[in-house]
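User: Please take a close look at one part of this structure and describe how it is packed. A single connected account would be preferred to a list.

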Amino acid sequence: MDQGLYTAKATAQGGREGRVLSDDRKLDLKLSMPKELQGAGGDGTNPEQLFACGYAACYQSALQLVARKQKVDVSDSKVTANVTIGKDSENGGFKLAVVLEVAIPGQDQENVQKLADEAHQVCPYSKATRGNIDVEIKAVQ
């Protein structure tokens with residue numbers, strides 16, 4: 001990185017059954033272990049949901065950047081990040097996989113896929129995960 005522009009800072013306490021708090025206190029969230037992971041469920045969020053929110057928002061900004069350069073209107077676009085946690089049979093423990101669903105009303109599926117693939121090259125989350133987790137980019141209607 002040439003120059004840092006912004007640093008987000010958050011602290012977790014209590015793991016998946018605890019809390020997360022950003023240093024500016026804009027986020028103060030209870031965490032709950034999903035039933036699918038042998039947890040109680042509960043009314044809190046979880047790291048996978050938080051990662052999905054961050055990735056979807058960051059990726060959509062990258063999509064807007066790419067589209068703006070090509071003079072394509074993506075103001076009604078939506079990006080849905082599906083973040084799955086599963087067992088890692090190769091190395092033990094767990095690993096993540098992501099499917100990004102990209103919808104751009106008024107654009108054909110081929111053009112949506114092209115823009116989505118280009119956004120994947122510039123998105124900071126995509127750069128951070130490239131080669132580390134499986135990420136599928138899917139154009140949807």
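Analyst: Helix α2 lies across strands β5 and β6, and α2 runs at about 150 degrees to β6. Helices (H or I, at least four residues) and strands (E, at least two) are DSSP runs numbered from the N terminus, while angles run from 0 to 180 degrees between the N-to-C directions of axes fitted to C-alpha atoms, for helices over the stretch in contact. The model is a predicted one, in which local features need pLDDT of at least 70 and side-chain atom pairs count only at pLDDT 80 or more, whereas totals for chains, interfaces and linings use all residues. Residues are numbered from 1 along each chain as its sequence is written, and side-chain values use heavy atoms, with hydrogens and water left out.

The sheet beneath α2 is the part to examine. Three strands form this open sheet, in the order β4-β5-β6, with mixed pairing (two strands pair if DSSP finds at least two bridges between them). Strands β4 and β6 are the edge strands, each pairing on one side only. From one strand to the next, the twist averages 20 degrees. Strands β4 and β5 run antiparallel and are joined by 10 bridges. One residue on this seam is Lys78, whose bridge partner in β5 is Ala103. Helix α1 also packs on the sheet, touching β4, β5 and β6, and the direction of α1 makes about 140 degrees with that of β4.

The side chains give a further view of this packing. The largest nonpolar core has 26 residues, and those with the most contacts inside it are Tyr59, Leu63, Val79, Leu100, Val102 and Ile104. Such a core is a set of buried Ala, Val, Leu, Ile, Met, Phe, Trp, Tyr and Cys residues joined through side-chain atoms within 4.5 Å. At least two core residues come from each of α1, β4 (78–87), β5 (94–103), α2 (109–122) and β6 (134–140). The greatest contribution is that of α1, with nine residues. Leaving aside residues up to four places away in sequence, Ile104 touches Leu63, Asp73, Val74, Ser77, Val112, Leu115 and Val140 (contact means heavy atoms within 4.5 Å). Two of the residues named for their contacts inside the core, Leu63 and Ile104, therefore touch each other by the rule of heavy atoms within 4.5 Å.

Helix α1 also takes part in ring pairing. Rings of Phe, Tyr and Trp (its six-membered ring) pair if their centres lie within 6.5 Å, with planes under 30 degrees apart called stacked, over 60 edge-to-face and the rest tilted. By this rule there are three aromatic pairs. One of them is edge-to-face and joins Phe51 to Tyr55, at 5.8 Å centre to centre with 70 degrees between the planes. Because Phe51 and Tyr55 are four residues apart in helix α1 (residues 47–69), about one helical turn separates them. Tyr55 is buried, at 0% relative accessibility, but Phe51 is partly exposed, with a relative accessible area of 23%; buried means under 20%, exposed over 50% and partly exposed in between (1.4 Å probe, protein chains only). Phe51 also pairs with Tyr125, this time in a tilted arrangement, at 5.8 Å centre to centre and 45 degrees between the planes. This second pair links distant parts of the chain, since Phe51 belongs to α1 and Tyr125 to helix α3 (residues 124–129), 74 residues apart. Tyr125 is partly exposed, with a relative accessible area of 30%. Through these ring pairs, Phe51, Tyr55 and Tyr125 form a cluster.

The wider setting of this part can be stated briefly. The protein has three helices and six strands, which follow the pattern β-β-β-α-β-β-α-α-β along the sequence. Another open sheet of three strands has the order β1-β2-β3, with antiparallel pairing. Its edges are β1 (10–13) and β3 (28–30), each with a single partner strand, so one side of each has no neighbour in the sheet. Neighbouring strands here are turned by 15 degrees against each other on average, direction ignored. Four bridges join β1 to the antiparallel strand β2 (residues 19–22), and Ala10 stands opposite Ser22 in β2. Over the whole protein of 141 residues, 32% count as buried. Of the contacts with a separation of 6 or more, 46% are between residues 24 or more positions apart. Taken along the principal axes, the C-alpha atoms fill a box of roughly 45 × 35 × 30 Å.
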